[in-house]
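Visitor: Got a minute to walk me through this one? I'd like the overall picture, then a closer look at one spot.

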Amino acid sequence: MSLSSRLIDRLAKLPPPLTRDVQVERGVTVPMRDGVVLHANIHTPRGPAIATTSLPTVLVRTPYGRRGFAELSAATPLAQRGFRVVVQAVRGTNGSGGVLDPFGQEGADGVDTVRWIEQQPWFDGRLGTFGASYYGFTQWALAREAGATLKALCLQATASQFRDQTYAGEGYSLDATLSWTQLMSVLIARRGVLAMQLFGARRRREVFEMLPLTGLDHALTGECVDFWQAWLAHDAKDDPYWTRARDFSEDVAHVAAPVQIVTGWYDIFLPWTLQDHAALVAAGRSPQLYVGPFAHADVGLMAAGLREGIGWLREHLLGERGAARAGVVRVCVMTHGTNGVEREFSAWPPAGAHERRFHLQPGGALAEAPPPASQPDRFRYDPVDPTPSVGGVLLGREAGARDNRALEARADVCTYTSAPLERDLEIVGPVRAEVFFSSSTQWTDVFVRLCDVQPAGRSLNVCDGLLRLTPGRVEKDADGVLRVPVELWPTAYRFPRGHRLRVQVASGAHPRFVRNLGTGEPLASGTRMVVAEQQVHHDPVRPSAIVLPVLEG
């Protein structure tokens with residue numbers, strides 16, 4: 001562990017440890033209110049620089065096991081810097097009792113765990129929480145009711161509710177949900193982890209093509225997975241499955257403890273992470289926000305979360321003024337894909353950004369001028385051969401900025417490209433599109449992507465978004481043309497002089513979003529597929545456009 005911890009220190013550029021001597025008490029039992037017993041490992045630093053009689057506690061609640069990644073990325077580096085770290089396996093995982101019911105029991109279990117910590121003789125009244133993704137959700141789940149002992153939260157790549165990520169744009173996030181289902185099946189069974197690492201992605205690619213969706217869990221894992229079936233069955237936004245015990249967004253404004261949020265521009269939770277940040281600001285809080293050039297599973301995101309989190313915990317649990325970085329909002333303004341520079345702002349989104357509309361034009365052009373009278377562009381979307389996802393917001397190594405030229409050469413992708421920029425163009429903030437669209441079916445998707453086209457022709461995706469259309473979801477004019485609002489992922493990006501903007505319009509990005517079959521059949525059981533004849537309108541009456549938050553100067 002010493003060599004591994006040193007590598008983590010170097011990778012994450014962590015401050016020097018106070019000690020390398022960490023005692024670990026494994027398999028500590030923590031009773032829940034319903035009699036279920038959860039298991040935890042407690043990491044306690046030792047050494048001459050450690051005041052063992054008064055150590056603040058950091059709680060990490062995880063479904064991924066108490067050892068391995070949880071130790072490397074959280075427990076060991078935090079304990080080496082003066083914190084007692086409690087790593088608890090959530091219900092139904094890694095020896096903890098009960099059955100895993102994702103997101104559904106983390107509120108009660110988290111609060112019960114806090115109450116247990118408060119009763120321990122070693123607890124000194126200072127509690128922090130730490131972790132990414134599901135670890136982060138468990139923090140939001142307990143934060144409102146934790147009480148005065150909770151002094152700080154460190155949240156990375158997460159949100160206070162997971163329903164909207166699961167049904168991003170009211171489509172279904174197939175890549176993220178099926179990948180996680182496979183991971184948890186392997187972890188709970190405690191077998192096949194190496195095989196999944198070696199062959200899991202290839203097997204998922206095969207299963208992504210199968211229908212109906214209700215059978216994908218068995219095809220991938222060999223068994224019926226209850227939570228996979230539940231996610232497919234409960235697809236309505238107001239379904240009590242999501243709103244009762246799995247949504248803590250209304251609690252966010254009531255969290256008094258200082259909150260630090262670290263995330264990435266290609267993270268699967270980004271829009272809802274920023275909604276949580278906005279809720280804290282609206283409630284008069286002062287959360288710290290850092291957004292880097294990361295996807296959800298990037299090592300860089302883990303490193304940034306650990307580095308920033310240690311400073312936050314040192315300042316708010318140990319009382320070390322100035323340990324956390326100054327600044328309320330800090331973002332990486334990307335360019336050429338991921339490389340960029342960090343900028344500090346007093347708020348998110350920055351007050352100085354103003355909207356500029358770039359209109360889709362006939363002939364595949366993109367310009368700020370309104371489009372002239374023109375015929376719509378047409379394409380056919382065939383769910384048998386769905387438009388693929390290339391890079392962007394995915395869980396695996398394919399995420400992030402990728403060359404889109406092969407995608408853009410497909411007949412089911414319309415592209416609109418600007419003239420070379422005469423000067424740098426910097427956009428920072430939310431991005432949206434208004435696409436006037438018509439289809440031969442009432443059930444279809446509109447996918448919009450913004451790209452940076454380099455002088456040599458390479459087209460790198462910057463941000464994107466999708467909206468699933470159903471009867472009555474958006475307004476329709478007398479000719480049946482829909483005015484489709486698409487919220488793209490927010491971003492911070494500088495397009496250099498000489499580069500061009502490009503907007504893609506398509507009807508899918510599979511398997512990031514499950515393909516739309518075009519029939520209106522239930523998500524879980526649908527198998528019948530129809531080809532959709534699509535039209536993208538761009539004329540004075542129907543001026544399709546992308547709206548960018550531009551920072552001048």
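Guide: Sure. This is a predicted model. With 553 residues, a compact globule would have a radius of gyration near 24 Å, and the chain comes out at 24 Å, so the two agree.

Visitor: What does the C-alpha trace span along its principal axes?

Guide: About 75 × 55 × 40 Å.

Visitor: And how many helices and strands are there?

Guide: There are 13 helices and 21 strands in the chain.

Visitor: How much of the chain is buried?

Guide: Buried residues account for 58% of the 553. As for the accessible surface, that is about 21,700 Å², with 52% of it belonging to carbon and sulfur atoms.

Visitor: What share of the contacts with a separation of 6 or more comes from residues 24 or more positions apart?

Guide: That share is 76%.

Visitor: Switching to charges: how far apart are the mean positions of the positive and negative ones?

Guide: They sit 6 Å apart, with 58 positive and 58 negative charges in the chain.

Visitor: OK, now the close-up. Where is Thr 415?

Guide: Thr 415 belongs to strand β14, which covers residues 414-417.

Visitor: Is Thr 415 buried or exposed?

Guide: In between: its relative accessible area is 25%, so Thr 415 counts as partly exposed, given that buried means under 20% and exposed over 50%.

Visitor: Which residues does Thr 415 touch, leaving aside neighbours within four places in sequence?

Guide: Thr 415 is in contact with Gly 364, Glu 408, Arg 502, Val 503 and Gln 504. Take Val 503: it lies 88 residues from Thr 415 along the chain, yet their C-alpha atoms are separated by 5.6 Å.

Definitions and conventions: Residues are numbered from 1 along each chain as its sequence is written. This is a predicted model: local features need pLDDT of at least 70, side-chain atom pairs count only at pLDDT 80 or more; totals for chains, interfaces and linings use all residues. Side-chain values use heavy atoms; hydrogens and water are left out. Helices (H or I, at least four residues) and strands (E, at least two) are DSSP runs, numbered from the N terminus. The radius of gyration is taken over C-alpha atoms; the globule rule is 2.2 Å times the number of residues to the power 0.38. Buried means under 20% relative accessible area, exposed over 50%, partly exposed in between (1.4 Å probe, protein chains only). Contact means heavy atoms within 4.5 Å. Accessible areas come from the Shrake-Rupley method with a 1.4 Å probe; for residues, only the protein chains shown count as cover. Lys and Arg count as positive and Asp and Glu as negative; His and the chain ends are not counted. The place of a charge is taken as NZ of Lys, CZ of Arg, CG of Asp or CD of Glu.
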